[in-house]
Amino acid sequence: MKALRRILDRLHPLFVKGGKYERLYPLYEAGDTFLYTPPDVTSGPAHVRDALDMKRMMITVVVALGPCILMALYNTGLQANLAIEHQVHDRVLTAEGTELAAATIVGWRGAIVEGLGVGYNSGSLISCFLIGALYFVPIFLVTQIAGGLWEVLFSCVRKHEINEGFLVTGMLFPLTLPPTIPLWQVAIGISFGVVIGKEVFGGTGKNFLNPALTARAFLYFAHAGFMSGDKVWTASSGAAVDGYSAATSLGHLASAKGQGMAAITDGLQISWADAFIGTIPGSMGETSTLACLLGAFLLIITRIGSWRIMAGVLIGSMATAGAFYLCRDMSSNPMYQMPPHWHLVVGGLAFGLVFMATDPVSAAMTEPGKWVYGLLIGGLTILVRNINPAFPEGIMLAILFGNVMAPLIDYFFVQANIKRRLKRSVV
């Protein structure tokens with residue numbers, strides 16, 4: 001490590017003001033501070049309110065995402081293996097004893113699986129994690145490369161350091177995507193989220209929209225065929241087993257007239273426990289409420305994620321879902337048939353509640369405002385799910401709407417506090 005430190009010290013004069021690579025100083029500074037503690041110290045009196053800097057904050061959020069990442073790897077591979085087993089079973093039933101070739105994953109992913117001799121087995125942890133990684137890792141790498149290039153470009157132009165804000169954005173975005181999304185769409189989506197959702201407003205700390213959700217919203221409306229429907233939610237669709245698709249729970253219920261919850265419990269054969277653990281089709285990192293709860297615990301005890309926002313979203317969503325459920329006999333809308341506790345374990349509500357709504361930059365800042373902000377997001381999520389049959393998942397739009405309303409919410413509470421203090425000061 002000392003040798004590496006000496007190399008960085010020798011390179012330092014080339015990147016400081018007046019050096020040959022002055023314009024690339026943010027790139028050098030990012031690598032230096034990532035490996036070592038910054039050498040800058042305060043020469044005069046300092047007032048430190050909290051020892052938690054941005055780097056430690058972002059790394060803690062990434063650690064909190066760990067259970068969701070592991071579940072994304074496992075469940076993506078699990079769904080692919082189940083799809084292959086399902087296809088083989090159907091072939092056996094229709095072939096009347098003829099010899100059949102086993103269904104496999106095609107392309108370079110299949111070549112790796114075959115080369116390693118892992119095989120396709122939904123009961124094998126190694127097989128599930130490996131196949132899941134073959135889908136998740138490329139999406140993650142494209143996100144980091146494409147988004148990181150924009151971060152470096154804007155830092156060099158503005159001549160400021162590359163901050164760690166993109167660490168979280170670059171990890172959140174892949175977790176919100178289906179496994180079979182084309183990689184070029186991943187690059188376009190994260191580029192839009194970083195540039196339009198953050199950098200045009202000044203970069204990390206100045207954006208009013210969550211960059212990861214902005215990127216996902218762009219892809220949803222620009223390439224809806226790859227982001228919705230019943231053909232993109234498992235790693236088997238198109239790229240693996242022809243003819244097999246798996247609908248999400250919300251999407252299946254929204255289109256199942258007259259079946260009620262039987263469309264999920266019987267039609268998809270999904271139990272509440274399955275949905276809670278996360279072994280169901282869906283976006284890679286959003287299926288497991290259990291993994292989200294583990295992340296929420298870490299964010300709350302480290303005071304990085306606001307428990308008030310989480311509680312507000314939970315109360316708002318459950319209260320609204322309960323109101324719709326009480327009116328289930330008054331409407332033919334199948335979404336009214338979903339009990340409140342089911343809303344929490346299907347779709348991306350739990351993931352958005354824990355990791356997206358609590359973004360400290362785009363969320364409300366005042367303590368009472370956080371409650372209103374959370375209640376607004378929770379209520380609007382269920383409202384979109386139940387009222388709009390074309391968009392059964394509502395957490396993304398609800399959080400983006402909450403981001404837009406957060407400054408106004410804070411403004412009213414700040415003004416109310418000012419008026420209250422002025423009344424006390426009048427003699």
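Which residues of H17 are buried? In this predicted model, helix H17 spans residues 349-356 and is mostly covered, with eight of its eight residues buried. The buried residues are Leu349, Ala350, Phe351, Gly352, Leu353, Val354, Phe355 and Met356.

Two residues of this helix, Phe351 and Phe355, reappear in the description of the nonpolar interior. The largest nonpolar core has 60 residues, and those with the most contacts inside it are Phe351, Phe355 and Tyr373. When neighbours within four places in sequence are set aside, Phe355 is in contact with Ala64, Leu65, Cys68, Leu172, Cys292, Gly295 and Leu299. A second core, separate from the largest one, consists of eight residues, among them Ala80, Val113, Ile131 and Leu134.

Tyr373, named above for its contacts inside the largest core, is also one of the residues through which helix H18 meets helix H19. H18 covers residues 367-387, and H19 covers residues 395-425. Two packed helices are described by the angle between their axes and the distance between the axes. For H18 and H19 the angle is about 150°, and the axes lie 9 Å apart. Because angles over 145 degrees count as roughly antiparallel, H18 is roughly antiparallel to H19. The crossing of H18 past H19 is right-handed.

On the H18 side, the contact is formed by Pro368, Gly369, Val372, Tyr373, Leu376, Ile377, Leu380 and Thr381. The residues they meet in H19 are Ile395, Ala398, Ile399, Phe401, Gly402, Asn403, Met405, Ala406, Ile409, Asp410 and Phe413. Sorted by class, the contact of H18 with H19 comprises 14 nonpolar, four polar and one charged residues.

H18 also contains Lys370. This lysine has a relative accessible area of 15%. Since buried means under 20% relative accessible area, Lys370 is classed as buried. Not counting residues up to four places away in sequence, Lys370 touches Ser306, Arg308, Ile309, Ala364 and Met365.

Arg303 provides a contrasting case of accessibility. Its place is in the loop between helix H14 (289-301) and helix H15 (307-326). Arg303 has a relative accessible area of 78% and is therefore exposed, whereas Lys370 is buried. The backbone of Arg303 is also described by its phi angle, which is near 60°, a positive value in a residue other than glycine. Most residues other than glycine have a negative phi.

Technical notes
Residues are numbered from 1 along each chain as its sequence is written. This is a predicted model: local features need pLDDT of at least 70, side-chain atom pairs count only at pLDDT 80 or more; totals for chains, interfaces and linings use all residues. Side-chain values use heavy atoms; hydrogens and water are left out. A nonpolar core is a set of buried Ala, Val, Leu, Ile, Met, Phe, Trp, Tyr and Cys residues joined through side-chain atoms within 4.5 Å. Buried means under 20% relative accessible area, exposed over 50%, partly exposed in between (1.4 Å probe, protein chains only). Contact means heavy atoms within 4.5 Å. Helices (H or I, at least four residues) and strands (E, at least two) are DSSP runs, numbered from the N terminus. Axes are lines fitted to C-alpha atoms, for helices over the stretch in contact, and angles run from 0 to 180 degrees between N-to-C directions. Angles under 35 degrees count as roughly parallel, over 145 as roughly antiparallel, 65 to 115 as roughly perpendicular and the rest as oblique. A crossing is left-handed if the near helix is turned anticlockwise from the far one by less than a right angle, and right-handed if clockwise. Ala, Val, Leu, Ile, Met, Phe, Trp, Tyr, Cys and Pro count as nonpolar, Asp, Glu, Lys and Arg as charged, and the others, Gly among them, as polar.
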